[in-house]
Amino acid sequence: MINSISINENISLNYIPMEKLKTTTIGIYLSRELNKDEASKNAILPHILKNGCKEFENRTKIEHFLENLYGAKMSAGISKKGNFHILCFEGETISDKFAPNGEKLTHELLKLLLSILFDAKDEFDGDAFLTERQNSITKIKSMINDKRIYANYRCQEEMSKDDIFSVPRLGYAEDMEKLTKEEVYRYYKKIIKSSIIDIFVCGDTDIDDLKKLVTKAINNIDFEPAKRAKDSILKDKNAVNFVTEKFNVTQGKLSMGFLTHIGATDEDSIALVLANTIFGGGAQSKLFNNVREKLSLAYYAGSVLNRAKGFLTVNAGIEIENFEKTKEEILLQLDEMKNGNISDEEIESSKNFIINSLNSYDDDQFEMISYYHGERLMQSDMEIRDYKDKILRLKKDDVVRVMSKVTLDTVYFITGVDYGKEN
Amino acid sequence: MEKRIDKHSGECLYFEKDKSGLSIYIMPRKDYTGSYAIFATKYGSVDSEFVVPNETDVTKVPDGIAHYLEHKMFDQPDGSNVFEKFSKFGGEANAYTSFNMTAYLFSATEHFYENLETLMDYVQSPYFTKESVQKEQGIIAQEIGMYDDNAPWRLFFNFLGLLYHNNPVKLDIAGTVKSISRIDENLLYKCYNTFYNLSNMTLFVTGNLDPEKTLEIIKKNIKNVNPFTEEIKRIYPDEPKTVAGKFKTQKISVAMPMFMIGWKDNDVGFDGKKLLKKSIEMEILLEMIFGKGSALYNELYSEGLINQSFSFEFAPQKDYSYIEIDGQSENPKAVYERVNAYIKKLKNDGLSEADFDRIKKVIWGDYIRSFNDIEGYSNTFITMSLLDINYFDYYDEYQKITFSDISERFSKLFDEDLCVMSEIQPD
């Protein structure tokens, strides 16, 4: 399935063939351990770098280059998985066999991505730096725009107060404001040689040709050993943490955080995936069928599992006055699972739901890359077919066992500014 | 079945019009793991006033009823739950209502034929009771409430309210809490029996499937062969060529102001190949003016007037048409002025032919990549087919387009009198 080549101690090149699509997708991921001091620099750096490099001097030149590759796509950004903070550089082009004049599109796209990451100019452009710094601050402040996402984010923040996972993906506005281009440039020079960098290509290409390109792009860099983030899960607090915030909203947003006490590399982690799906993943789940369909309390109600950090969150948009009622119903459904009130149909349909979504990675290059990169970070390297086998072997007892370990940690609620003032 | 091959992508499409009136499209994608089916009716939120074939009186129904009906289609006569039926076969089902269409769909990686039968069965089995209709009020009221707080959604509908005096596209798809309170089972049946007649519906299926067997299963699952012999007459109010308002601001708790600037386009009233060619011309033109490689984008971005959230769109419809650009900005008024000044200058100086050549390549790449995602492809295909466009005609129209077509299209658009701006400001 996957062909992995070690370029050196820090850098890997991974090829996943998927010829049936019309495109080839590339992802380059530079991983750092989550860290408060580095967070804002990590968050801004991809955006600075994509403003230009030695070979492609500015944004417009990069855009015109991409347009000439029949509209190849390129993006840069930041993500957070487990205890890793990951600088992402991604691109996608139509595969070479569709190039009308025999152009080597994947080769050209990778060349651009490598130049942006490894071959920055000797100093960052001052105006572009200020623009991107402002944009990065705006992005942090804009977290409140979508209350559904914000509620879930705030719940996770509350849950991880004493954990490194509390470092926000987008960094800190107050740190960002103080950053200078010189400081970020020095940081760039440091991390480019001392970080794990995984390059993934999924599609239809000549991987030997791409390997030469990668080797050439890094031959002037003196690499140093890279530090790998240790995994750890969130731990219990003394009491359940209740948090309410007021906004000028019509609809209340409830986000409940639960600890699972099971990490991604634990044997029970896959059973937890199934348990969470029965609980709140999709339209066959207990939460959807009870909170929404039976009690009409919400339009959306579901749960999301974070395997690496050992927690799950339940999210629902509700009438503000239904806060207690919804919270109780969610806890009741959790108890139902702990008590083993789970039907064979629920188990079967939830297994189907997971298998269906794993199968669908076969048709999606970004999903495929994201799956294997996630496995790489967790040092698990589990093949998708092994994942499926594990899911299919699970029994009700496994589900009850893992669900019995789940405990409520945080209840976060967005309520209206005027709520409670009238009547 | 008619068969067509697209020589650029290598893909192949089968079509048959069934005696029930149903339009059936089958597109095999043999290497794909997933399959997808979408069963759609040409019936959306704008269709609140109509004449049922063989009747003379006009029927007027509450706003939001198409969407309400979509929700209630999931209730079954035997009390069973549609989602459960799908999940037994690993299918993931969903549905949505837009201005012009209601669509029921599923994706699956196993048991394609069983899932297809489930889809066809439930969409042809309406079952509404007083109680079940009543029960949905709470869920939909929460859905409406969710959108009331949603800044991009409010931005968009305020924008449509500025563009249109009367066109029902300016009304919320889900209606209002008040309008949906007037919906009952009888009205739902009336709408169902009108718009879910198979002669008003299209089925598109794709994935790793056998076309002959698929057609056989579809035909076996058709329940009602009673096509309308005349059109459903849809009544839309007259729409003046002018805009209804210029500026509107709403306050919502967001971090930074948002804007949506747009131009009403009065070149409407046609569909088919002519509309396909127009929409490709618009794709090219908008990318030339507003794309990330354009001079305008670069100026506004460098000055911090826009950021990465900037995007643009053209709405290719028969009865309404507009161009919009949107994003976040500390100073939406400045964006409005700069964009209009830039366009004025561009009208004097003329478009660049070098830009045209480059962007035409981009649009071709986008066409090739549109085949990748079978779900996105199916939705595009069916949306276009309701506009009498066969997406397989794309290349024929694309290759006809010249620089002078684009210049001519440009000369007819972007009148500042027809330009409006909707804003969301932080509260």
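Is A:Lys104 buried, partly exposed or exposed? With a relative accessible area of 46%, A:Lys104 is partly exposed, because that value falls between the limits of 20% for buried and 50% for exposed. The structure discussed here is a predicted model, and the paragraphs below move from this lysine to the strands, the nonpolar cores and the ring contacts.

The side chain of A:Lys104 meets that of A:Asp209 in a salt bridge, at 3.8 Å from N to O. A:Lys104 belongs to the loop between strand 5 and helix 3 (105-118) of chain A, whereas A:Asp209 lies in helix 8 (residues 207-217) of chain A, so the pair ties together parts that are 105 residues apart in sequence. The partner, A:Asp209, has a relative accessible area of 17% and is therefore buried.

A second salt bridge spans a short stretch of sequence. A:Arg401 and A:Asp398 meet through their side chains at 3.2 Å, N to O. Because they are three residues apart in helix 15 (residues 396-404) of chain A, about one helical turn separates them. A:Arg401 counts as partly exposed at 38% relative accessibility, while A:Asp398, at 16%, counts as buried.

In the salt bridge between A:Glu38 and A:Arg32, the closest N and O atoms are 2.9 Å apart, and both of these residues are buried. Salt bridges also link A:Arg154, A:Glu157, A:Glu158, A:Lys161 and A:Glu245 in a network. Over all chains, the count comes to 57 salt bridges.

The loop that holds A:Lys104 leads back to strand 5 of chain A. This strand covers residues 84-94 and is mostly covered, with ten of its eleven residues buried. Strand 5 of chain A pairs with strand 3 (residues 23-33) of chain A in the antiparallel sense, over eleven bridges. Within this pairing, A:Thr24 stands opposite A:Thr93 of strand 5. Strand 5 of chain A is also joined by nine bridges to strand 4 (residues 73-81) of chain A, again with the strands running antiparallel. Here A:Lys81 stands opposite A:Phe84 of strand 5. Strand 4 and strand 5 of chain A form a hairpin with two residues between the strands, and in this hairpin A:Gly82 takes a positive phi near 55°. As a general point, side chains in a regular strand alternate between the two faces of the sheet.

The buried nonpolar residues come next. The largest nonpolar core has 211 residues, and A:Ile28, B:Trp263, B:Phe290 and B:Phe414 touch the most other members. Helix 9 (residues 272-290) of chain B gives the most to this core, with ten residues. Apart from it lies another core, of 56 residues, which includes A:Ala283, B:Phe74, B:Leu116 and B:Val205.

B:Ile359 offers a view of one residue and its surroundings. It lies in helix 12 (residues 353-369) of chain B. Its relative accessibility is 2%, so B:Ile359 counts as buried. Leaving aside neighbours within four places in sequence, B:Ile359 is in contact with A:Glu67, B:Ile284, B:Glu287 and B:Met288. B:Ile359 and B:Leu285 are 74 residues apart in sequence, and their C-alpha atoms are 8.6 Å apart in space.

Aromatic rings supply a further set of contacts, with a count of 60 aromatic pairs over all chains. In one of these pairs, A:Tyr150 and A:Phe247 meet edge-to-face, at 5.7 Å centre to centre and with 90° between the planes. This pair links distant parts of the chain, since A:Tyr150 lies in helix 5 (residues 147-159) of chain A and A:Phe247 in strand 7 (residues 241-247) of chain A, 97 residues apart. A:Tyr150 and A:Phe247 are both buried. In chain B, B:Phe156 and B:Phe157 also form an edge-to-face pair, at 5.3 Å centre to centre and with 70° between the planes. B:Phe156 and B:Phe157 are likewise both buried.

Rings in chain B also meet charged side chains. The charged end of B:Lys213 sits over the ring of B:Tyr113, 4.2 Å from its centre. B:Lys333 lies over the face of B:Phe247, at 5.3 Å from the ring centre.

Conventions
Residues numbered from 1 in each chain as written. Chains lettered and ligands numbered in written order. Predicted model: local features only at pLDDT ≥ 70, side-chain atom pairs only at ≥ 80, totals over all residues. Heavy atoms only, no water. Buried < 20%, exposed > 50% of the residue type's maximum accessible area, 1.4 Å probe, protein only. Helix = DSSP H or I, 4+ residues; strand = E, 2+ residues; numbered from the N terminus. Pairing = 2+ DSSP bridges. Core = buried A, V, L, I, M, F, W, Y, C linked by side-chain atoms within 4.5 Å. Contact = heavy atoms within 4.5 Å. Phe/Tyr/Trp six-rings, centres within 6.5 Å; stacked < 30°, edge-to-face > 60°. Lys NZ or Arg CZ within 6 Å of the ring centre and 35° of its normal. Salt bridge = Lys/Arg side-chain N within 4 Å of Asp/Glu carboxyl O.
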